[in-house]
Amino acid sequence: MALEDIKARCDEVGECWFWNGGCDSHGRPQKRHGGKTVYVRRLVRELADGQPVPPGLVVAAKCGHKRCVSPDCSVATTTRRKAQMAAKRGAYSSPAKAAKMARMKRAQSWITDEMVEQIRLAPGPSSRIAAETKVSLSHVKAIRRGSARRPIGTPFAGLGAR
Ligand SMILES: [Zn+2]
């Protein structure tokens with residue numbers, strides 16, 4: 001298995017090689033090689049260097065793209081340094097991470113989904129519901145409008161679809 005064969009299975013974008021083959025459940029490029037399943041980025045690093053990557057090291061993509069297996073982008077490093085690189089790149093403020101944070105925040109909110117449902121369906125003025133539930137009036141209004149606590153996974157909720 002030569003570098004060129006791996007490159008042939010990638011989309012080249014600048015220095016990056018975006019792998020088109022299989023990935024593990026975390027989206028990391030994987031392939032069968034020598035009877036076992038290996039990480040493609042590590043394999044490319046080893047082919048490019050002509051020697052194995054030391055067992056204690058991981059092979060990270062400097063460009064930050066999970067699917068990139070380019071030898072120009074990869075570097076053998078420690079898990080700790082890899083995390084530092086990711087933090088520097090702002091991997092922890094990506095939209096996916098932000099959505100996860102929002103869900104976590106919601107899970108920790110004292111206003112339960114049952115209360116939200118109750119606020120949404122309760123008859124009468126928002127001010128009375130706010131007094132009864134101890135939820136602020138503006139938040140009650142936002143919930144009833146559908147601009148707050150929209151059910152996750154139903155994109156049409158709050159747009160008038162009921
Ligand atoms: Zn890259």
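The pLDDT is the predictor's confidence in each residue, on a scale from 0 to 100, and since the structure shown here is a predicted model, this value is a sensible place to start. Averaged over the protein chain the pLDDT is 86, and 89% of the residues reach 70 or more. Among the elements of the chain, strand β2 has the highest mean pLDDT, 97, whereas helix α4, residues 95–108, has the lowest, 74.

The protein chain contains seven helices and six strands. Read from the N terminus, these elements follow the order α-β-β-β-β-α-β-β-α-α-α-α-α. Of the 162 residues in the chain, 16% count as buried, and of the contacts between residues at least 6 apart in sequence, 37% join residues that are at least 24 apart.

The buried nonpolar residues lead to the next part of the picture. The largest nonpolar core has twelve residues, namely I6, C10, W17, W19, V40, L43, V44, V59, A60, A61, C68 and V69, and the elements that give two or more residues to this core are β2 (16–19), α2 (40–49) and β5 (58–61). One member of the core, W17, can be followed individually: if its neighbours within four places in sequence are left aside, W17 is in contact with K7, C10, E12, C68, V69 and S70. Separate from this core is a second one of six residues, which include V116, I119, V140 and I143.

V140 also takes part in the packing of two helices, α6 and α7. In general, a pair of packed helices is described by the angle between the axes and by the distance between them. For α6 and α7 the angle is about 115°, with the axes 9 Å apart, and their crossing is right-handed. On the α6 side the contact is made by S126, S127, I129 and A130, and on the α7 side by L137, V140, K141 and R144. Sorted by class, the residues of this contact are four nonpolar, two polar and two charged.

Between these two helices, in the loop that runs from α6 (126–133) to α7 (137–145), lies K134. Although K134 is not a glycine, its phi is positive, at about 65°. Is the position of K134 buried or exposed? A residue counts as exposed if 12 or fewer other C-beta atoms lie within 10 Å of its own, and K134 is therefore exposed, because its count within that distance is 9.

Methods: Residues are numbered from 1 along each chain as its sequence is written. This is a predicted model: local features need pLDDT of at least 70, side-chain atom pairs count only at pLDDT 80 or more; totals for chains, interfaces and linings use all residues. Helices (H or I, at least four residues) and strands (E, at least two) are DSSP runs, numbered from the N terminus. A residue is buried if 20 or more other C-beta atoms lie within 10 Å of its own, exposed if 12 or fewer, and partly exposed in between; C-beta atoms are placed from the backbone. Two residues are in contact if their C-beta atoms, placed from the backbone, lie within 7 Å. Axes are lines fitted to C-alpha atoms, for helices over the stretch in contact, and angles run from 0 to 180 degrees between N-to-C directions. A crossing is left-handed if the near helix is turned anticlockwise from the far one by less than a right angle, and right-handed if clockwise. Ala, Val, Leu, Ile, Met, Phe, Trp, Tyr, Cys and Pro count as nonpolar, Asp, Glu, Lys and Arg as charged, and the others, Gly among them, as polar. A nonpolar core is a set of buried Ala, Val, Leu, Ile, Met, Phe, Trp, Tyr and Cys residues joined through C-beta atoms within 7 Å.
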